[in-house]
Every structure is written in C-alpha cells, then in structure tokens.
Amino acid sequence: MAVPKEVSFLAFLLVLEILLLHVDAKACSEENAENRLCTNCCAGRKGCNYYSADGTFICEGESDPNNPKACPRNCDPNIAYSLCLYEK
C-alpha cells in the first residue's frame, strides 16, 4: 500500500518541527553557564515548583501547557531546578 505524498510531507514537517524544538531548548540551556533551567515563573509549567540551587522555593509555574501564557523568554538566573507533580 503506497503512502500519499501529502502524508509523507506532513510527517516530514512534524519530525522537522520536533527537531527544531529540541535544538531551541538545547540552545537555551547552553546559554545558561551553570546548566540551570532556562525558564521564568511566568513561563514555568503549572503544577511545577521552581527552586534555587540551595533548595529555596522561588515560585510555582504559571503557564498551562494547553493554553500557554504570553511570557518573556528570559531565563531567571535564580531557578536551578523544578519538581513537578503530575496526576496519572
């Protein structure tokens, strides 16, 4: 069974978009010299708590992945890691 050219092209675009998103995320983390998260409280995912390197709570993420907020793209240098609680 042959796959229509339109389906192959759409699959190619999907793979390309995934690769570009991965490269963009990698570039953001590489910009941060201490390999900390490249995010801020506004852009952080709802349900995730963000902490500094010494474990101090900074904030809870404000952006819903299904309806992302318009946030600045800067990295908060105080955010070192996150803990996310997900329901199964």
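This passage walks through the fold, the confidence and a few residue-level contacts of the chain.

The structure is a predicted model, so local features are taken only where pLDDT is at least 70 and side-chain atom pairs only at pLDDT 80 or more, while totals for chains, interfaces and linings use all residues. Residues are numbered from 1 along each chain as its sequence is written, and side-chain values use heavy atoms, with hydrogens and water left out.

Confidence comes up front here. The score is pLDDT, the predictor's confidence in each residue, from 0 to 100. The mean pLDDT of the chain is 74, and 57% of its residues reach 70 or more. Confidence bottoms out in H1, with a mean of 54, and peaks in S2, at 95. Residues 19-33 stay under 50, and the model gives that stretch 6 contacts beyond four places in sequence; a contact means heavy atoms within 4.5 Å. Where pLDDT is low, the predicted coordinates should not be read in detail.

As for the overall layout, the chain has 1 helix and 3 strands, set out along the sequence as α-β-β-β. Both kinds of element are DSSP runs numbered from the N terminus, with helices being H or I of at least four residues and strands being E of at least two. Of the chain's 88 residues, 20% count as buried; buried means under 20% relative accessible area, exposed means over 50%, and partly exposed lies in between (1.4 Å probe, protein chains only). Among contacts with a separation of 6 or more, 53% come from residues 24 or more positions apart.

The 3 strands make an open sheet in the order S2-S1-S3, with antiparallel pairing. Strands S2 (57-60) and S3 (81-84) sit at the edges, each pairing on one side only. From one strand to the next the twist averages 25°, where axes are lines fitted to C-alpha atoms (for helices, over the stretch in contact) and angles run from 0 to 180 degrees between N-to-C directions. Two strands pair if DSSP finds at least two bridges between them. S1 (residues 48-51) is joined to S2 by 3 bridges, and S1 pairs with S3 over 4 bridges. Asn49 has a bridge partner in each neighbour: Glu60 in S2 and Leu83 in S3. Tyr51 is partnered by Phe57 in S2. The hairpin of S1 and S2 has 5 residues between the strands, and Gly55 there takes a positive phi near 90°.

Glu60 lies in strand S2 and is partly exposed, at 45% relative accessibility. Leaving out residues up to four places away in sequence, Glu60 touches Cys41, Gly47, Cys48, Asn49 and Tyr50. The C-alpha atoms of Glu60 and Tyr50 are 6.0 Å apart, although 10 residues separate the two along the chain.

Away from the strand pairing, the largest nonpolar core holds 5 residues: Cys41, Cys48, Tyr50, Cys59 and Ile79. Such a core is a set of buried Ala, Val, Leu, Ile, Met, Phe, Trp, Tyr and Cys residues joined through side-chain atoms within 4.5 Å. Beyond four places in sequence, Cys41 touches Ile58, Cys59, Glu60, Gly61, Glu62 and Ile79. Thr39 is placed in the loop between helix H1 (5-31) and S1. Thr39 is buried, with a relative accessible area of 13%, and its contacts outside four places in sequence are Gly44, Tyr50, Asn74, Cys75, Asp76 and Ile79.

On the charged side, the count comes to 1 salt bridge, meaning a side-chain nitrogen of Lys or Arg within 4 Å of a carboxyl oxygen of Asp or Glu. The pair is Glu62 and Lys69, with the closest N and O atoms 3.1 Å apart. Side chains of opposite charge can pair when their charged atoms come close. Both ends are partly exposed: Glu62 has a relative accessible area of 35%, and Lys69 has one of 41%.
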